[in-house]
Amino acid sequence: MHKKLFIPGPVDVLPEVLAKMSSPMIGHRSKDASVLQQSISEKLQRVMRTNNTILLSTSSGSGLMEGAVRCFTRDRAAVFSIGAFGDRWYKMCTANGVPADLFRSELGQPTTPEMVREALITGKYDMITITQNETSTGIRNPMKEISEVLKDFPEVILCVDTVSSMGGDDIPVDDLGIDVCITSTQKCLGLPPGLSVASVSDRAIAKAEGIPNRGLYFDYVELYKFVKEKPYQYPSTPSLAHMFALDYQLDRILKEGLAARYERHLALSSRVWEWARKNCELYSNPQYLSVTVTCLKNTFGIEFSKINAAMGKRGFQLSNGYGALKDITFRIAHMADMTVEEMDDMLHNLGEVIAELQSEQ
Ligand SMILES: *Cc1c(COP(=O)(O)O)cnc(C)c1O
């Protein structure tokens, strides 16, 4: 039996989107491939609300994150972490010999604009990374306030991880002045894992051109050149199967409408918050809750693995906590094409399962 996925990626993919992945192959150097990539790029610009150039990568989002720290750091990177995925960005810096400092918030709390200003005012940093939506704690950073601070430091390149939110949350990339905005297909975009996306500003590319040792496969300058000069080509052989499905899914997303899609994610998350307030506790600062994934404290006196196993028998899969929060929290994702009815059904079952397990103890 297929378990309906309430985990923060991969998400369930609609059958008609999956079917597009078995489209007949085309040559990746053909005109058809360029037309396909251009179509995807133009639609993604609308979804991401940017005029910046769209780059595709046949990798998960981590590939473009690793590429970003190499390509856009000349002096030193300031990595702001609010959990596991911010920490990962710092690990990528150290693993690639990119000078970086880590600025951590307490788990369950956001990066504050004050923290960003305090770091940048030292003049040590020429690039910063922010996790817009932290999947381990279900926190959404105050991007508007953070982007205001960046206006006072125009030489700093702003790289933002929107892997678990783009396509669900409201993220106006150009209004926020995001130079490099990274996401991947298996979360709010509602596709299988294997393709990732970045929007990149011309000024970020101009800077990267002067930075040595950018690597090759995840070199933003190389990816950018193939889009601009070929045009709309990819340096190596891309996952065309993903591209067929993405092109189709972007039509669906735009047809639903970005505002409606955001409202649906807000309605889904509100259901989970309400359930959490009645039945257990929210882990994170309630002022900054993510609209795509919620982290809940396990206050039920039952190991989460038991709850998830019982939910599995009913056809649902939830997620345990991540990293340091593995045993004390669990997570419910509300991403992509999930409906409010599906969420209500799952939460109803979750309540029954917990009551059953508690009565057995
Ligand atoms: C899932 C996730 C990642 C990692 O993305 P992959 O596509 O699995 O490489 C990075 N950041 C956040 C916030 C995520 O949720």
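The following dialogue explains how to read several features of this predicted model.

User: Which conventions apply to the numbering and to the model?

Analyst: Residues are counted from 1 along each chain as its sequence is written, and side-chain values rest on heavy atoms, with hydrogens and water left out. The model is predicted, so to speak of local features requires pLDDT of at least 70 and side-chain atom pairs count only at pLDDT 80 or more, while totals for chains, interfaces and linings use all residues.

User: Into which domains is the protein divided?

Analyst: Domain bounds come from an automatic or database domain assignment. Here domain 1 comprises 4-9 + 257-360, and domain 2 comprises 16-255. Their C-alpha centres lie 27 Å apart.

User: How is the interface of the two domains to be read, and what area do they bury?

Analyst: The size of an interface is often given as the accessible area lost when the parts come together. Buried area is the accessible area (1.4 Å probe) that two parts lose on being put together, summed over both. Domain 1 and domain 2 bury about 2300 Å² between them, with 58% of it on carbon and sulfur atoms. In domain 1, the residues that lose the most area to domain 2 are L258, Y288 and Y322, together 25% of what that side buries. In terms of contact (heavy atoms within 4.5 Å), 24 residues of domain 1 meet 33 residues of domain 2.

User: How many residue pairs are in polar contact across this interface?

Analyst: A polar contact is a pair of N or O atoms within 3.5 Å; within protein, one must be able to donate a hydrogen and the other to accept it, and residues adjacent in sequence count only if both atoms are side-chain atoms. Between domain 1 and domain 2 there are 16 such residue pairs, both residues being at pLDDT 80 or more. On the side of domain 1 that touches domain 2, the elements giving two or more residues are α10 (258-279) and β12 (293-297). Helices (H or I, at least four residues) and strands (E, at least two) are DSSP runs, numbered from the N terminus.

User: How are salt bridges recognised, and how many are there?

Analyst: Side chains of opposite charge can pair when their charged atoms come close. The rule asks for a side-chain nitrogen of Lys or Arg within 4 Å of a carboxyl oxygen of Asp or Glu. The count is 22 salt bridges. D170 and R49 form one of them, at 2.4 Å from N to O. D170 lies in the loop between β8 (157-161) and β9 (180-184) and R49 in the loop between α2 (31-48) and β2 (53-57), so this pair ties together parts that are 121 residues apart in sequence. Between the two domains the count is 1 salt bridge.

User: Which residues surround the ligand most closely?

Analyst: A residue is near a molecule if one of its heavy atoms lies within 4 Å of it. By this rule 14 residues surround the ligand, and the closest are S60, S62, T135, D161 and K187. An N or O atom in the side chain of D161 is 2.6 Å from a nitrogen atom of the ligand. A polar side-chain atom of K187 lies 2.6 Å from a ligand oxygen atom, and the side chain of Q186 has an N or O atom 2.9 Å from an oxygen atom of the ligand.

User: Where is a cis peptide bond found?

Analyst: Most residues other than glycine have a negative phi, and most peptide bonds are trans. A cis bond joins G9 and P10, with omega about -5°; P10 is placed in the loop between β1 (4-5) and α1 (15-20). The bond from K230 to P231 is also cis, with omega near -15°, and P231 belongs to the loop between α8 (220-229) and α9 (240-256). As for phi, N213 has a positive value near 55°, and N213 is found in the loop between α7 (202-208) and α8.
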